[in-house]
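Reader: I would like to go through some of the labels given to this model and hear the reasoning behind each of them.

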Amino acid sequence: IVTEGLTEDERSRYKVDYPADAVMTDRAFDHLLTMSTEKLENMFSKLCKEHQQFVARRFITAYENGDNRIGRDKVERLNQISKANDPDGMFKPILQAMNKV
């Protein structure tokens, strides 16, 4: 849902008047893979389960495509945070693949 550019009245009318820290902008989604681990952890920990799943899918797809920005440390740290919403962690497929290499 794009909420940028809407007035407060429009956000209320369309029921998208989320708190500022509950919304990811397009810019944030575009830079997920290049964010520092600390910044990404901070942002990721504030996301709802559905947005965390989106981030995990983005990372999984990038890893499967051979993106070299996907490092073990970052994935392990994000996986630990995601365990609040998924007992195995949302990044488990990446970690399993990394363990096979």
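Author: Let us begin with contacts: two residues are in contact when heavy atoms of theirs lie within 4.5 Å. Please keep in mind throughout that the model is predicted. By that rule, and leaving aside its neighbours within four places in sequence, Ser 82 is in contact with Phe 44, Gln 52, Gly 89, Met 90 and Phe 91.

Reader: Why does Ser 82 count as buried?

Author: A residue is called buried when its relative accessible area is under 20%. Ser 82, which lies in helix α5 (residues 72-82), has a relative accessibility of 0%, and therefore it counts as buried.

Reader: Two of those contacts are phenylalanines, Phe 44 and Phe 91; what makes Phe 44 and Phe 91 an aromatic pair, and which kind of pair is it?

Author: A pair of aromatic rings is described by the distance of the centres and the angle of the planes. The count comes to two aromatic pairs. In one of them, the rings of Phe 44 and Phe 91 are 5.7 Å apart, centre to centre, with 65° between the planes. Centres must lie within 6.5 Å for a pair, and planes over 60 degrees apart count as edge-to-face, so this is an edge-to-face pair. The pair links distant parts of the chain, with Phe 44 in helix α3 (residues 37-46) and Phe 91 in the loop between α5 and α6, 47 residues apart.

Reader: How do you know whether Phe 44 and Phe 91 are buried or exposed?

Author: Phe 44 has a relative accessible area of 0%, and Phe 91 is likewise at 0%; with the limit for buried set at under 20%, both residues are therefore buried.

Reader: What makes Phe 59 and Phe 91 an edge-to-face pair?

Author: The rings of Phe 59 and Phe 91 are 5.8 Å apart, centre to centre, and the angle between their planes is 80°, which meets the limits of within 6.5 Å and over 60 degrees. Phe 59 lies in helix α4 (residues 49-64) and Phe 91 in the loop between α5 and α6, so the pair ties together parts that are 32 residues apart in sequence. Phe 44, Phe 59 and Phe 91 form one aromatic cluster.

Reader: Why is Ile 94 called buried?

Author: Ile 94, in helix α6 (residues 92-100), has a relative accessible area of 1%, and because buried means under 20%, the label applies. Leaving aside its neighbours within four places in sequence, Ile 94 is in contact with residues including Phe 59 and Ile 70. The C-alpha atoms of Ile 94 and Ile 70 are 9.0 Å apart in space, although these residues are 24 apart in sequence.

Terms used: Residues are numbered from 1 along each chain as its sequence is written. This is a predicted model: local features need pLDDT of at least 70, side-chain atom pairs count only at pLDDT 80 or more; totals for chains, interfaces and linings use all residues. Side-chain values use heavy atoms; hydrogens and water are left out. Helices (H or I, at least four residues) and strands (E, at least two) are DSSP runs, numbered from the N terminus. Buried means under 20% relative accessible area, exposed over 50%, partly exposed in between (1.4 Å probe, protein chains only). Rings of Phe, Tyr and Trp (its six-membered ring) pair if their centres lie within 6.5 Å; planes under 30 degrees apart count as stacked, over 60 as edge-to-face and the rest as tilted.
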